[in-house]
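Got the model open in your viewer? Set it to cartoon, keep the side chains ready to switch on, and follow along.

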Amino acid sequence: NQHQFQDSPISVEINQEFGITEGNAVKLNGKGISMQLVKVSDSRCPKGVNCIRAGEIEVDVVVTIENRVNKFTLRNPTWERGGTMEANLVDGLFVRLNGTLQEQNQQMGKDLEVAFVFTEVAAPLDTPKSH
């Protein structure tokens, strides 16, 4: 089993936003679901810089549901290049990529704390912010 968690994963509740860095894992209380953040790609425009595209954060996560392993790629925001910001894990349960928690560390790469939430509500359609 190549998905070894370094320590015991932190435990989170449904609808509780949490942040994890690359390589770390969480488990959803009482649901037999755990998730590891495998890879983070951050192409977002730095604050104060004029970029042609806003860019986005893209993550690969491995979700284990009662010993079934699923890999998902999530992207936020999605309106620029498509893709999805949430994965439907089991009937009526989603995990959503909520962006990042430490914007000031946004350009520091690996230690970026990525925000997620396990939720029973599908996200509204992600559309460009109107200027």
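What follows is a walk through a predicted model, one selection at a time.

**Stop 1: the nonpolar core**

Start by selecting M35, V59, L89, F116 and F118. The largest nonpolar core has 24 residues, and these five touch the most other members. Now colour the strands that feed this core: β2 (18–20), β3 (25–28), β4 (33–42), β5 (57–65), β7 (86–90), β8 (93–100) and β9 (114–119) each put in at least two residues. Which strand gives the largest share? That would be β5, with five residues.

Next, centre on M35 and show what surrounds it. Beyond its neighbours within four places in sequence, M35 is in contact with F18, I20, N24, A25, V26, V61, V62, V63, V95, F116 and F118.

From there, hop to V26, one of those contacts of M35. V26 sits in strand β3. Is V26 buried or exposed? It counts as buried, because its relative accessibility is 0%. Again skipping neighbours within four places, the contacts of V26 include P9, I10, V12, F18, I20 and F118. If you like a distance label, draw one from V26 to Q36: the two are 10 residues apart in sequence, and their C-alpha atoms are 6.5 Å apart.

**Stop 2: a buried acid**

Select D60, which is in strand β5. D60 is buried but has no salt bridge. Where is the nearest side chain of opposite charge? It belongs to K71, 4.1 Å away. The cut-off for a salt bridge is 4 Å, so this pair does not qualify. Instead, turn on the side chain of T73: the D60 side chain makes a polar contact with it at 2.7 Å. To see the rest of the surroundings, show Q36, L37, V38, K39 and F72 as well; they are among the residues in contact with D60.

**Stop 3: the salt bridges**

The model has six salt bridges. Select R53, E56, E58, R75 and R81 together, and you have a network linked by salt bridges.

Zoom in on R53 and E56 first. Their side chains meet at 3.7 Å, N to O. R53 is partly exposed at 36% relative accessibility, whereas E56 is buried with a relative accessible area of 2%.

Then move to R81 and E58, where the closest N and O atoms are 3.2 Å apart. R81 is in the loop between β6 (68–76) and β7, while E58 is in strand β5, so the pair ties together parts that are 23 residues apart in sequence. R81 is partly exposed, with a relative accessible area of 46%; E58 is buried, at 18%.

For another bridge, pick E86 and R96, whose side chains meet at 2.9 Å, N to O. E86 is in strand β7 and R96 in strand β8, so this pair ties together parts 10 residues apart in sequence. Both E86 and R96 are buried.

**Stop 4: the disulfide**

Last selection: C45 and C51. How many disulfides does the model have? Just one is counted, and it joins C45 to C51, with the sulfurs 2.0 Å apart. Look along the S-S bond: the angle about it is 80°, and the link is right-handed. C51 is partly exposed, with a relative accessible area of 32%.

Note on methods: Residues numbered from 1 in each chain as written. Predicted model: local features only at pLDDT ≥ 70, side-chain atom pairs only at ≥ 80, totals over all residues. Heavy atoms only, no water. Core = buried A, V, L, I, M, F, W, Y, C linked by side-chain atoms within 4.5 Å. Buried < 20%, exposed > 50% of the residue type's maximum accessible area, 1.4 Å probe, protein only. Helix = DSSP H or I, 4+ residues; strand = E, 2+ residues; numbered from the N terminus. Contact = heavy atoms within 4.5 Å. Lys, Arg positive; Asp, Glu negative; His and termini not counted. Polar contact = N/O pair within 3.5 Å; in protein donor to acceptor, adjacent residues only side chain to side chain. Disulfide = S-S within 2.5 Å.
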